[in-house]
Structure formats: C-alpha cells, structure tokens
Amino acid sequence: MYRSREDRIIGGIAGGIAARLGRDVTVVRIVFVLFGLVSGFGVAVYFFAWLLLPVEGSTETIGSRALSDRQGMTIVLALVPALVIMLLVGSALHANFVSSWGLPLLISAAGLVLVFRNADDEERVRLDDSVKALLQLGSEPRQSRRSFLFRLGTGLVVFVLGVFVISDGALSRSWLRPLGGTLLMIAGTVVLLGPWWLRLALDLMHERQARIRAEERADMAARVHDSVLQTLALIQRSADQPQVVAKLARAQERELRSWLFEGRAPGSFGAEGAATLSAGVEQIEREVEAAHGVAVDAVTVGDAPLDDEMRALLAAGKEATVNAAKWSGASSVSIYVEVEAKRVSMFVRDRGAGFDTDAVAEDRKGIAESIRARMQRNGGTAVVRSVPGEGTEVELSLPRHAGRA
Amino acid sequence: MNATRVPRVFLVDDHHLFRAGVRSELGDAVEVVGEADEVPAAIELISERLPDVVLLDVHMPGGGGKAVIEAIKPIHPEVTFLALSVSDAPEDVIAVIRAGARGYVTKTISGPELIDAVLRVADGDAVFSPRLAGFVLDAFASMPPEFDLPGPLDPELDHLSPREREVLRLIARGYTYKEVARELTISIKTVESHVSAVLRKLQLSTRHQLTKWATERRLI
C-alpha cells in the first residue's frame, strides 16, 4: 500500500487506497470527507496514513524520518497541555463537540506539523504551493477585496451555524440536527475554500497534462530514433554504395510520409492486420532480416492480442534486435517470447562482440530511450546483459493485468 | 555408436541442392553413406546400409519424415533420426518426434552446430533446437481445467518439472547446452539428461493430442 502520486490532492492517500481496493478515487475521497465531518477521527486517520505510508515509488515513510526530528517531536509534545486545556474547557462549558473534536483535531495538528517538517522536497513544494494559494485567496487580482470579505463572512457564519445546529438541541426534530448541521458545515466549507479547491484541481490537471506531453515527446523521440536515426547510421555505413543508399533513403522517405500524413507510426505493429503478439514477432523477424541481412530465429510460446503495451514491448524488442544485427557482428539473432498469465517476457540474444554496458556513450539513445525508458513508461522492465567477446542478451518483461486477457 | 569411428550418416531430403549443401557442411566429421529424395527409396536404402544417424526432412511427398521413421523403427531400432527442416507447423514437428526422432533442428543451423547435433544423436542424446523447445513449452503449457483429456492424466508423463521447464526456456532463448549448464550451474550431462527426459515425455505423453488444441488456440 502506498500514497499515490497521480491521484493526489493533499497527500495522495485516497488515491493509494483506491488503487489498492480497485475503487474509484472519488468514492474514497467522499468517504474520507464524510467520516472526517462526522467524528473528526477521519482527519486523524488521514494524517496517520500520511505519516505511515510511503509515497509511490519510494520505501521511506515520512513517519520514519519524523522519529529522528527532535524539534518536531517537541512541538507535538507541547500540544498535549493544549489538549488537556481544551478538554477541560469543553467539559466546563458542557460543549460536547469541543471534547469530541478536540482529540482528533490535535492529533491532526500534530500530524500536520510532522508531515510539514519531514516531507521530502518535492512534497513540501506542493504543500507550500497549496498554503500560498490559500493565503493568497484574498489578494487575487480579479477578485475585489469586498467580495472576498463577504465570502469569508458568509462562509464563517454558515459554518458556525452548522456547528451550533449539531451541538445544540434547539431544533424540535432530532434527526434534523446531524443532517442539517453537517449540510450547513459543508456549505460553509465550500463557500470558504471552494475557490482554493478549484485552483488546486486546475493545477493538478495542468500538471497531469504536462506529464502526458512529456511522455508523448519521449515516445516520439524513441520512434524517430528507431526509424530515422537507424537509417542514417545504415546510410553512413554504406556510403560507398550509391544504390543501397538510394534504396534506404527511399524506404525511409516512404515511412516518414506515412507517419506524418497518414498517421501510421514507423515500424508500428498490427498495421498490416497482424493483431497478435506472435504475428508482431514474425514481423520483427522479417523486417530485421530484410534490412540487415542477419538471420533472426524467433520462438514464441503462447500468444496474446496486441494492445498498446504489447506494441511498446515489440518496439523495444525490435530495437534490441536491430542493435544486435547492426553492432554485434553475429550472423544470427535469437528472439524468445513467452506469454504467461501474469507477464510477457521477451529475450533478444546474440553471440557477437558484446560491449561494456557501463561505457555506452551518452548520445547513444538506443538502449536508454528506445528500450529501457519505453519499457518503464509501460510499466515493464528491461535488463541488458553483455559480456565483451561473448555476446549480449536483452531481457524485456511486461506485467499483464488481470482481466485484460 | 563406437567412439573410435565417425558416425555413418544418411540424408533424406527431396531437394538435391540441400542434400549437397548438408554434405559439404558435414565434411569429414561424419561418413555420409547414402542419400534419398523420396520415402520408399529412403526406407529401402536405410534398411540396407543401416546408418547410425538419418538426417530427415520433415516435409516430403509420400508421408514425410514420419513415414520413414515408422517403417524403419520397428525393424532396426538402433538407427537414430534427426529431423531437419526449414520451418514447420508445430504439429508436424511433434509428430516426427513422437514417431521416434531424437531431435529437431532448423535448416538455418550452422555447419559446426549441425555436426555437433549429429554426434549428440549418434550418442543417444536428444537435440532440441530453440524452436522445438518453444513447441514443447507450448504443448505442455497449462490448460484450462475444463479441457477434457482423452484418458487419465499421467503426472509422470504429462507435466514438465520446473527444472526441465527452465532448461527448455534457456534452449528456446538460444542457449547451447554448454551455456545452459553454466547458467544453471549444473553439468552438461545433467542438461542432456533433462532434455532426454523431456523427449521421452513428448514421445509417450497423451498430451500430444493437445498440440492441435494448443496451436489452434494459442491465446492464453
């Protein structure tokens, strides 16, 4: 269980729970808000989760860092007397809601202090931004000061009214009390925090769009590398054979045209009616043999229909095969693809020159971009094993999700 | 086979050029005692010359390699067969193995590898090309429970052990026996015995009826 990076408004906890349970994140959020409004312990639970769950892709929790944060712990301990005072005042005034809300609120405050002090840089920047947005609510240029004060006033009045309706038994119908009070409190909160929330949601959307654009760009770079850059390298190597150069250039031109004007990505799989993984592997076999004059022996065990992730696997596998054909000097390349219930693996192996995997030049994007990053973008992994003088094996692995078979 | 002499090899293939190619690739490592380009001639010449190893094309007019093996095996069990083919449907290749061939290699195999395969078969070992290993993994893949087996399942014959599966997987990935042995830190002899065990299962298991099923419905 982890905190989600994708579905995150505050700490990403609802997103993480939703991912774990396979539910919609909105449902989890609503449950949290209701739970929080009804008892206040919902908020406390949220902060506990924030401290105890690691963020997606990391193993360290904020809580583990907080344990060594002495100053933070001191602040938290200082809250205990405040709690005692609050409980005393609450019972003295017979205001039950003070005592029932006091404990969870103070736990939440303590959690907030620890989270704020010990979150990692990325998360702190996000928290800072949201706090700033909250503080700047009144100074937004398109909003006059008067309307802000009006909103603040209305929101507070409605919220406090809600609190009184819940805590005070002035209403004749008792079932109206929790319901009406809660509704009034929600309304007050919305009036108070609505604009802030809206802005957070907008930011979140922009952030997501930017990330999608960056991924698209990386995908495009990988495609250009696979087709154009590979062809240019081939042309350089056959510079003394004009016919070969012309043939390569023509083929590349055709491919680029069909990509730019017909939207068919170069080397795309499934374009010729091949809709299964094994057909895609055969396509690699054919194309690499034709373009590089190297025997490709492909063995496929099991099969699966093509989807975008499988296409990415094939594209990465083709890149590995082309690399082997071009650089290894071996006369044949072996491909092995196995489809299992839970994952698909692809092995590309040659018995050629091999290379030092640590000494690959920075500008050689082949392995880093076209293979490794492409697999990672699709939730898979790529491992390259190479021994100079003995050959290279590239292992690609892609998890399959249940229910997609 | 007697270790002091080179194995005597017989070629059966309907393509003249291919037989000539194999002959020159085998060179002096083996003694080619004859060749045939059709099933009846092959059966007659093999029973007459009794070679150690018959290199056999899977696809030939008149019943293919399977017919040759089925005719020779009962009367001369000491003759071993190695199937050699361009690229065939899994059910044809497995049919030849079940008829009694000790292995299957593709025609793209290099000269030294082919010689190695012939020597292995002559020694009584099994030879699995990556493709055959893939076919076998497919045929022994897990089946849905609703599939009705003809006859009772023999756990001894109808399942590959995890180790056998591992060995087959590495062979399918293009590893030689030597490389498989190094990868799994076992001896080459152990690899050979695993492969022979798989070959035996392939020849005796009732699962062969599933091969057709497996190829028709390869979507897992």
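What follows is a friendly conversation about a predicted model with chains A and B.

Visitor: What makes helices α3(B) and α4(B) roughly parallel to each other?

Guide: Residues 64–72 of chain B form α3 and residues 90–99 form α4, and the two pack at an angle of about 5°, with axes 9 Å apart. Angles under 35 degrees count as roughly parallel, and therefore this pair is called roughly parallel.

Visitor: Which residues meet where α3(B) and α4(B) touch?

Guide: From α3(B) come B:Gly65, B:Lys66, B:Ile69 and B:Glu70, and they meet B:Ala95, B:Val96 and B:Ala99 of α4(B). By class, this contact holds 4 nonpolar, 1 polar and 2 charged residues. The polar class includes Gly.

Visitor: Let's turn to chain A. Why are β1 and β4 of chain A said to stand at the edges of their sheet?

Guide: The open sheet has 5 strands in the order β1-β2-β3-β5-β4 (chain A), with mixed pairing. β1 and β4 (381–387) of chain A each have a single partner strand, so one side of each lacks a neighbour in the sheet. Neighbouring strands there are turned by 10° against each other on average, ignoring direction.

Visitor: What makes β4(A) and β5(A) count as a pair?

Guide: Two strands pair if DSSP finds at least two bridges between them. β4(A) and β5(A), the latter covering residues 391–399, have 7 bridges in the antiparallel sense, so they meet that cut-off. Within this region, A:Ser386 stands opposite A:Thr392 in β5(A).

Visitor: What packs on this sheet?

Guide: Helix α11 of chain A, residues 277–292, packs on the sheet and touches β1 and β2 of chain A. The direction of this helix makes about 175° with that of β1(A). Angles over 145 degrees count as roughly antiparallel, so the helix and the strand fall in that class.

Visitor: How many residues of each chain are in contact with the other chain?

Guide: Chain A brings 16 residues and chain B brings 13. On the side of chain A that touches chain B, β1(A) gives the largest share, 5 residues. That side has 10 nonpolar, 3 polar and 3 charged residues.

Visitor: How do you know where the predictor is confident in chain B?

Guide: The pLDDT values tell us: the mean for chain B is 81, with 83% of its residues at 70 or more. Among the elements of chain B, strand β1 (residues 8–12) has the highest mean, 92, and helix α11 (residues 208–216) the lowest, 53. Over residues 143–148 of chain B the pLDDT is below 50. For the complex, the predictor gives an ipTM of 0.75 and a pTM of 0.56.

Technical notes
Residues numbered from 1 in each chain as written. Chains lettered and ligands numbered in written order. Predicted model: local features only at pLDDT ≥ 70, side-chain atom pairs only at ≥ 80, totals over all residues. Axes fitted to C-alpha atoms, helices over the stretch in contact; angles between N-to-C directions. Helix = DSSP H or I, 4+ residues; strand = E, 2+ residues; numbered from the N terminus. Parallel < 35°, antiparallel > 145°, perpendicular 65-115°, else oblique. Contact = placed C-beta atoms within 7 Å. pLDDT = per-residue confidence, 0-100.
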